[in-house]
Structures are given as C-alpha cells and as structure tokens.
Amino acid sequence: MNFILFLFLLLGGFSSCQFSSITDKVPLQLHFLDVGQGLSVLFEYEGRFALWDVGSDSLGFLDTLRHYGVDTLEWVAFSHWHRDHAGAFLEFPKSLRSKDIVLKQVYYTKDTAFGFVSDSIFSILKSFQIKHREIQRGDTLFFVEGLQFKLLWPPEHPIYGGNGASGVLYISDSMSRMLLMSDLEEKEEKELLQLNPNLRADLLQVGHHGSHTSSSIQFLSQVAPKEAVISVGEKNPYRHPSPETLKKLNLILPDSSFLHRTDLEGTLKCLWYKNLGFWFK
Ligand SMILES: [Zn+2]
Ligand SMILES: [Zn+2]
C-alpha cells in the first residue's frame with residue numbers, strides 16, 4: 001500500500017462516509033499478469049484496456065485477455081523485441097481476424113535487435129492495417145485523463161539493441177509515481193539517472209526480472225521505491241531473481257512485504273486511485 005495512503009488510513013483520516021466516497025471512485029487497475037518468465041502489464045480503467053508488453057508465446061495469452069473481458073485495446077506498447085516481452089503477440093491474428101479483439105494502436109521502441117519476433121509482429125501489423133509508431137524518451141501515451149504515462153527511455157541517440165533499448169515507462173499523478181523498467185540493465189540505469197537526476201518512484205517494476213545485471217544499489221537508493229514488483233517465472237532457467245538483487249531490495253524497501261513477485265503470488269493487482277495513492281489487492 002502506498003505509504004501516505006496507508007498512514008492516512010491508519011490515523012483514521014477517512015470517516016466511513018469519506019471512505020465510501022473515495023472507494024466509489026474508479027481506480028486505474030494494473031494487472032501484473034503472471035506470464036511465467038516475461039513481462040506483461042494490463043491497464044484497465046472504466047472498461048478500457050491497454051497493454052505494456054504481452055509476455056512470451058505459447059501461454060494462452062488470448063485466454064487471459066478474455067478472462068479480463070478485453071474486447072478492445074486502446075494500445076499495445078512493446079518495451080523491446082525480446083520474446084519474453086513480445087512473443088505472445090504472435091497469437092493475436094486469430095482474435096484480430098474474428099474481431100474478438102479490436103486493437104487501435106501499437107507502439108514500440110527503437111530496438112535494433114530485430115529477429116523472428118519483430119519481423120512477425122511487423123507483418124501482422126501490416127496485414128491487419130494496425131496503426132503503429134515508434135516511441136522514445138519524452139513521448140507520452142494517453143490512457144487515463146489526469147495520469148501521465150511518459151517514456152523516459154530509450155533516448156533518440158545513441159541507438160540501443162535488446163535490453164539496452166528497453167522502454168522505461170513513468171506513470172505519475174500528484175501523489176504517486178511508478179516506474180516500469182522492463183529489462184533495462186545497470187549501464188543504462190546510470191545513463192537514465194544522468195538524464196533524470198531527480199528520478200524517484202513509489203512503485204518500481206524491477207528491471208530484467210530481478211537479474212543481477214540490473215538494479216544497482218546506486219540506482220535503487222536514488223529511486224527509493226516504497227514497493228516493488230518482480231515479474232518472473234517460477235523455477236526459470238536463468239535463476240531470476242538473483243539473491244543479490246533481493247538483498248538490495250530488502251535494504252531499500254520499508255518492509256519485505258512490500259516486494260511482490262509473480263512467481264510466488266501469481267498475477268498481481270494494484271489499484272491506483274487518482275491523486276490519492278495505490279495499493280495491492
Ligand atoms: Zn525480459
Ligand atoms: Zn529482454
């Protein structure tokens with residue numbers, strides 16, 4: 001739970017009447033989907049949906065979307081072209097053809113590490129005539145009025161490939177800040193901080209599934225997250241998350257219960273009340 005909101009509740013800041021008027025409000029729901037070893041975040045607000053990454057292939061991703069009642073996606077954004085983030089898009093033609101799902105827009109970062117997944121995605125976009133556009137640092141994606149979705153990485157120059165090209169998405173309102181790191185690694189974390197010297201986040205999606213190649217102590221202590229999410233597959237061959245990263249997170253986070261993991265808890269659901277705070281359900 002967001003620390004400020006938590007304190008407010010703890011100190012009896014809400015009368016029951018105030019509390020019900022706040023809980024009557026519709027929150028942005030962030031579903032950190034359990035996609036095994038990979039990443040996919042489904043955003044839901046007032047019956048509208050968008051996706052940041054889609055996870056790996058062969059996991060029945062479309063069934064997952066059906067489960068949430070997704071029939072239209074405002075956008076799908078790919079952080080980079082690695083299979084564990086973009087692979088499940090290869091399932092989409094079935095639903096696009098039958099119009100089970102209407103996809104309005106696709107965004108992708110300038111990742112120079114092209115291959116089978118990216119080639120296949122571009123051919124799907126072309127054959128279904130789906131609008132698509134490259135995004136980079138400074139671009140914003142619209143989803144909820146009053147909540148900013150801003151790209152902090154990759155910059156226009158130099159050009160990156162693979163994990164280094166990982167889109168970093170910063171979501172904020174007047175109360176809360178959240179940072180989705182995708183697979184960004186230490187070298188680029190450093191450059192990201194040089195570009196954003198005052199970067200802070202209340203909620204952090206830990207880079208590269210908790211690998212030891214991401215989340216330097218300098219980066220974590222600067223960003224100073226109060227809660228963190230690791231999207232990672234159970235018993236994955238890479239042994240993510242690394243014990244070093246877990247140790248660092250336990251040093252930075254106020255309490256170990258503020259670290260959430262999809263391999264241990266399955267899909268994680270976070271409710272974000274505009275300008276009030278967020279908490280995990
Ligand atoms: Zn990954
Ligand atoms: Zn990657």
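Two strands count as paired here if DSSP finds at least two bridges between them. Keep that in mind as we go through this predicted model, starting with one pair of strands and working outwards.

Take strand 1, residues 28-32, and strand 2, residues 41-45: they run antiparallel, and 4 bridges join them. If you'd like a spot to put your cursor, try H31, whose bridge partner in strand 2 is L42. As a general reminder, strands of a sheet pair through backbone hydrogen bonds, and they can do so parallel or antiparallel.

Now let the view widen to the sheet that this pair belongs to. There are 8 strands in it, and the sheet is open, with the order 8-7-5-3-2-1-15-16. Reading along that order, you'll find strand 2 sitting between strands 3 and 1, while strand 1 has strand 15 on its other side. The pairing across the sheet is mixed. At the two edges are strand 8 (132-135) and strand 16 (277-280), each of which pairs on one side only. From one strand to the next, the twist averages 20°.

Step back again and look at the whole chain. DSSP runs give 10 helices and 16 strands in the protein chain. Its C-alpha atoms fill a box of roughly 55 × 40 × 35 Å along the principal axes. How does the radius of gyration fit with a compact globule? For 281 residues, such a globule would come out near 19 Å, and the chain has 18 Å, so the two agree. Of those 281 residues, 43% count as buried. Among contacts with a separation of 6 or more, 66% are between residues 24 or more positions apart.

For a helix to look at up close, go to helix 6, residues 116-127. Its 12 residues reach 16 Å from first C-alpha to last, close to the 16 Å expected at 1.5 Å a residue. Which of its residues are buried? They are V117, S118 and I121. Look down the axis of helix 6 and these buried residues fall within an arc of 95°, which means they line one face of the helix. What do they pack against? The partner is helix 4 (83-86). Turn to the other side of helix 6 and you meet exposed residues instead: F116, D119, S123, K126 and S127. The helix is then followed by Q129, which has a positive phi, near 50°.

Definitions and conventions: Residues are numbered from 1 along each chain as its sequence is written. Chains are lettered from A and ligands numbered from 1 in the order in which they are written. This is a predicted model: local features need pLDDT of at least 70, side-chain atom pairs count only at pLDDT 80 or more; totals for chains, interfaces and linings use all residues. Axes are lines fitted to C-alpha atoms, for helices over the stretch in contact, and angles run from 0 to 180 degrees between N-to-C directions. The radius of gyration is taken over C-alpha atoms; the globule rule is 2.2 Å times the number of residues to the power 0.38. A residue is buried if 20 or more other C-beta atoms lie within 10 Å of its own, exposed if 12 or fewer, and partly exposed in between; C-beta atoms are placed from the backbone. Two residues are in contact if their C-beta atoms, placed from the backbone, lie within 7 Å. The expected span of a helix is 1.5 Å times one less than its number of residues. The arc is that of the directions from the helix axis to the C-beta atoms.
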